[in-house]
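Dear colleague,

I am passing on a structure to you with this email, and below it I have set out what was found in it. Please keep the structure open beside the text as you read.

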Amino acid sequence: MKKTLLVAALAIASAADASNLLAKNGYVRFFSTTPIENIEGICQTAVSTLDLDSGKVAIKSRNTTYLFPDKLMQEHFNENYMESEKYPVSAFAGRVTGIDRAALDAGKTIQVTIDGDLDVHGVKKHYTSPGTLTKAADGSVSGETKFHVKMVDHGIKIPTVVVKAMAESMDITARFTWRPTEAAK
Amino acid sequence: MKAHRILLTLAVLPFASGADELDSAFASAVPANQPVYATFKALRVVESQSVETTQKGTLNGTISHRFGQFSNGSENLWGLDFASMRLGLDYGFTDWTDVGFERATNDGKPIDLFLKQRLLRQTSDGSIPLSATWYSAGYMMTKTGKGLSYDLTFERRLSSTSQLILARKFNENLSLQVSPTMVTRQLRPYNRDGEVALGVGFSGRYKLAQRIAITGETTPMLYGVDHTWDPACALGMDIETGGHVFQLFVSNSSFISEDRMYTQTKTGPHSAMDPNTLSFGFNITRGYSL
């Protein structure tokens with residue numbers, strides 16, 4: 001009896017593992033625009049896991065790996081806004097819903113909904129955003145989503161003197177290509 | 001019962017391994033070890049150079065003002081009637097190499113060309129425990145020399161300051177710096193002063209709030225400087241706004257150029273920090289990304 005259970009459990013565990021996908025070199029960009037200046041930071045080293053069965057998705061990125069065309073802006077981003085020494089990592093954990101496996105496996109781009117908690121600057125907030133998933137012939141799955149983040153929602157204050165140069169909310173674009181775990185290793 | 005426990009453990013396993021997988025992939029893909037940033041907020045701690053250099057592709061403008069001594073009294077607005085200033089521009093050719101040009105109004109209207117070359121960058125995990133920057137400035141007086149009791153020859157117009165700047169950011173608030181310093185000059189106030197003067201600068205920054213820090217520095221000279229000169233000292237405050245850094249300070253030196261400040265500060269008969277002989281000053285720096 002015990003053995004049967006054990007074998008069954010192991011089988012389930014390995015099956016669950018097999019649907020676990022891993023993405024390295026994930027792309028996360030945030031952008032704000034005002035008449036005075038554009039602010040753009042791009043991270044190309046975000047890491048993510050995705051489980052197509054349960055829809056569970058998790059993302060992590062290190063704040064100091066967001067690169068800005070203007071280096072001074074990058075320093076301000078880390079020192080004054082993100083406080084990267086206190087909060088080095090920005091993360092997301094949630095679920096992808098509406099995954100039509102048949103359509104996905106048929107190679108179609110499917111519309112999905114992502115909802116979960118974004119943990120930025122030590123403050124977690126729930127977001128729901130639309131996104132897409134596409135499965136390639138090699139078994140990798142690509143996805144993209146866009147959403148808005150208000151800085152004040154994450155306890156990031158904008159000083160009065162730069163209020164005109166910085167928009168209240170940032171457009172976040174995230175793009176990942178997940179691969180089966182074994183292949184990713 | 002046991003079977004249940006095993007089942008439970010195994011049921012949790014895929015989820016646990018998912019989280020572990022993310023963490024281990026994250027740890028291997030994105031090393032936590034990064035160069036530290038913002039050991040100091042500007043090219044200068046107060047009046048002396050900091051370990052920082054201007055970042056690649058950024059043109060940095062600095063306006064430095066030094067007013068007269070507080071002892072000038074109310075009639076001269078405690079020294080604010082007398083101002084000397086220096087304008088400076090520097091450019092980051094790489095994230096490690098910074099070259100600048102400056103001109104000051106006082107003491108022979110010196111122009112100078114300086115190089116700041118980073119040698120080491122402290123890392124967040126401490127594998128490189130400190131940052132190091134080499135600083136060298138060559139000055140040339142541009143005033144005519146008319147009415148002087150001596151001939152202001154080309155050689156006499158020249159002087160230099162060199163420093164090996166060593167700094168460590170201890171935590172997000174505290175940074176300290178030590179700078180072995182060498183000044184060379186042909187023209188000296190006294191024969192007792194040497195053509196080469198050596199000393200050590202000590203300075204630090206403590207961040208009080210998100211954009212405000214207090215700063216301090218002193219540069220005692222140990223060799224080649226007559227004992228009647230005092231070490232240059234300054235106490236300041238950094239205020240950072242978007243692209244500007246405002247540095248407000250009180251100093252015992254009337255000179256802005258480093259060579260003169262280190263070797264010719266004279267604060268009167270009482271003490272190096274006699275309140276009457278202190279003066280107010282400020283620097284404004286602004287970076288432009290080109």
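**The barrel of chain A**

In chain A, 8 strands form a closed barrel in the order 1-2-3-4-5-6-7-8, and their pairing is antiparallel. From one strand to the next, the twist averages 25°. Please bear in mind from the start that this is a predicted model, so that each statement here describes what the predictor built.

Chain A as a whole has 4 helices and 8 strands, and if you read along its sequence you will meet them in the pattern α-β-β-β-α-β-α-β-β-β-β-α. Of the contacts in chain A with a separation of 6 or more, 55% are between residues 24 or more positions apart, and buried residues make up 28% of the 185 residues in this chain.

Several of the strand pairs can be followed one by one. Strand 3 and strand 4 of chain A are antiparallel and share 7 bridges, and A:K56 has A:R95 of strand 4 opposite to it. Further along, strand 6 (residues 123-135) and strand 7 (residues 141-150) of chain A run antiparallel with 5 bridges between them, one bridge partnership being that of A:K135 with A:V141 in strand 7. These two strands form a hairpin with 5 residues between them, and in its turn A:G139 has a positive phi of about 90°. Strand 7 is then joined to strand 8 of chain A by 10 bridges, again in the antiparallel sense, and here A:V149 has A:M170 of strand 8 as its bridge partner.

**One residue in strand 8**

Strand 8 of chain A covers residues 169-180, and A:T177 lies in it. Is A:T177 buried, exposed or partly exposed? The count of other C-beta atoms within 10 Å of its own is 19, and because a residue needs 20 or more to be buried and 12 or fewer to be exposed, A:T177 is partly exposed. Beyond its neighbours within four places in sequence, A:T177 is in contact with A:A23, A:S140 and A:S142. A:T49 is 128 residues away from A:T177 along the chain, yet their C-alpha atoms are separated by 9.9 Å.

**The nonpolar cores**

The largest nonpolar core has 34 residues, and A:A23, A:V47, A:V57 and A:W178 are those with the most contacts inside it. At least two residues of this core come from each of several elements, including strand 1 (20-33), strand 2 (38-51) and strand 8 of chain A as well as helix 1 (2-29) of chain B. Another core, of 27 residues, lies apart from it and has B:A42, B:Y139, B:A167 and B:V245 among its members.

Which residues does A:V47 touch, not counting those up to four places away in sequence? In chain A they are A:A23, A:K24, A:G26 and A:K60, while in chain B they are B:L22, B:A25, B:F26, B:A29 and B:V30.

In helix 2 of chain A, the buried residues are A:L72, A:M73, A:H76, A:F77, A:N78 and A:M82, and they pack against strand 2 of chain A together with strand 1 and strand 13 (279-289) of chain B. After this helix comes A:E83, which has a positive phi near 50°.

**Strands of chain B**

In chain B, strand 1 (residues 58-69) and strand 2 run antiparallel and are joined by 9 bridges, with B:F67 standing opposite B:A83 of strand 2. Strand 2 also pairs in the antiparallel sense with strand 3 (residues 97-104) of chain B, over 7 bridges, and B:L89 has B:F101 of strand 3 as its bridge partner. A hairpin through 4 residues joins strand 2 to strand 3 of chain B.

The side chains alternate along strand 2 (residues 83-92) of chain B: B:S84, B:R86, B:G88, B:D90 and B:G92 point to one face and are buried, whereas B:A83, B:M85, B:L87, B:L89 and B:Y91 point to the other face and are not buried.

**How confident the predictor is**

The mean pLDDT of chain A is 86, with 87% of its residues at 70 or more, and chain B averages 87, with 91% of its residues scoring at least 70. Over residues 10-18 of chain A, however, pLDDT stays under 50, and the model has 9 contacts beyond four places in sequence for them. Residues 10-16 of chain B also stay under 50, with 8 such contacts. For the complex, the predictor gives an ipTM of 0.70 and a pTM of 0.81.

With best wishes

Conventions: Residues numbered from 1 in each chain as written. Chains lettered and ligands numbered in written order. Predicted model: local features only at pLDDT ≥ 70, side-chain atom pairs only at ≥ 80, totals over all residues. Contact = placed C-beta atoms within 7 Å. pLDDT = per-residue confidence, 0-100. Core = buried A, V, L, I, M, F, W, Y, C linked by C-beta atoms within 7 Å. Pairing = 2+ DSSP bridges. Axes fitted to C-alpha atoms, helices over the stretch in contact; angles between N-to-C directions.
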